[in-house]
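This report goes through selected features of one protein model. Please have the sequence and the structure in view while reading.

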Amino acid sequence: MGKAINRDGRFQNLQEQELTFEQVFERILRFMHRHPGGNYRLMVGTDSQVHCDRTVFITGIVIQNQRKGAWACIRKHIVPRKMLHLHERISLETSLTEEIVYMFTEERKNRMIDIVLPHIYKGATFTMEGHLDIGSGTRNKTREFVKEMVSRIESMGVEPKIKPEAFVASSYANRFTK
């Protein structure tokens, strides 16, 4: 994971670099076509880390066939300054998640749903989630932002998840912010 600012919006994972969103979407479709009767969760979440001269944001996209594997990738976004205000950082994390969710247009979502649709009577499912690296616990500094950020994700028609259920943001993306 290089230190360059990702200005072109490319995605990567451990196997591939420089993926366009269209290539990411094709990988997701390919993954779903392997087992069209699966229980799929498409999850998008962002985490950030403040470094001495920049703030690194990582947005993860994960398509999971529950109990049968997953395919994932990340996109890096760097702000060339320390973002010390928590609300500003959490708001940008949410915005970066929203940006990726918006890339899954109705047409694209319908293409994913069409894969599982013939199998729904056999238990196939598809859901889309927005994972927020915030929590409502009394010891969590982000608890005052939960309502605002959850409302933003809900307004997109996506199921919001917060800690401890928001693992794409709090675990997967977090690994790459260091």
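The sections below cover the salt bridges, the cysteines, a helix, a surface patch and a residue of the N-terminal segment.

## Basis

The model is predicted. Residue numbers start from 1 along the chain as its sequence is written.

## Salt bridges

A search of the whole structure gives 12 salt bridges. One of them joins the side chains of D53 and R54, with an N to O distance of 3.0 Å. D53 has a relative accessibility of 46% and counts as partly exposed.

Another salt bridge is formed by the side chains of E106 and K109, at 3.1 Å from N to O. Both residues belong to helix α3, and because they are 3 residues apart there, about one helical turn separates them. Is each partner buried or exposed? E106 is exposed, at 53% relative accessibility, whereas K109 is buried, with a relative accessible area of 18%.

D133 and K163 also form a salt bridge, and their closest N and O atoms are 3.4 Å apart. D133 sits in the loop between β4 and α4, and K163 in the loop between β5 and α5 (167–172), so this pair ties together parts that lie 30 residues apart in sequence. D133 is buried, with 13% relative accessible area, while K163 is partly exposed at 33%. In addition, E159, K161 and E165 are joined into one network by salt bridges that share partners.

## Cysteines

How many disulfides does a search of the whole structure find? The count is 0. A disulfide is a covalent bond between the sulfur atoms of two cysteines. The cysteines described here are C52 and C73. C52 is exposed, with a relative accessible area of 68%. C73, at 0% relative accessibility, counts as buried; the cut-off for buried is under 20% relative accessible area.

## Helix α4

Helix α4 spans residues 146–154, and its buried residues are V146, M149, V150, R152 and I153. These residues cover an arc of only 155° around the axis, and therefore lie on the same side of α4.

What do the buried residues of α4 pack against? Their partners are α2 (86–103), β4 and β5 (159–161). Strand β4 covers residues 125–132, and the loop between β4 and α4 holds D133 of the salt bridge with K163.

## Surface patch

I113, L117, I120 and Y121 make up a nonpolar patch on the surface. Together these four side chains belong to residues with about 430 Å² of accessible area.

Y121 is located in the loop between α3 (106–116) and β4 (125–132). Y121 is exposed, and its relative accessible area is 79%. Helix α3, which precedes this loop, is also the helix that holds E106 and K109.

## Segment before α1

R10 is placed in the segment before α1 (21–34). With a relative accessible area of 29%, R10 is partly exposed.

Which residues does R10 touch, leaving out those up to four places away in sequence? They are E18, L19, T20, I74 and R75. I74 is 64 residues from R10 along the chain, and the C-alpha atoms of the two are separated by 8.7 Å.

Note on methods
This is a predicted model: local features need pLDDT of at least 70, side-chain atom pairs count only at pLDDT 80 or more; totals for chains, interfaces and linings use all residues. Side-chain values use heavy atoms; hydrogens and water are left out. Patches are made of residues with over 30% relative accessible area and no salt bridge: like charges are joined within 9 Å, nonpolar side chains (Val, Leu, Ile, Met, Phe, Trp, Tyr) within 5 Å. Accessible areas come from the Shrake-Rupley method with a 1.4 Å probe; for residues, only the protein chains shown count as cover. Helices (H or I, at least four residues) and strands (E, at least two) are DSSP runs, numbered from the N terminus. Buried means under 20% relative accessible area, exposed over 50%, partly exposed in between (1.4 Å probe, protein chains only). The arc is that of the directions from the helix axis to the C-beta atoms. Contact means heavy atoms within 4.5 Å. A disulfide is a pair of cysteine sulfur atoms within 2.5 Å.
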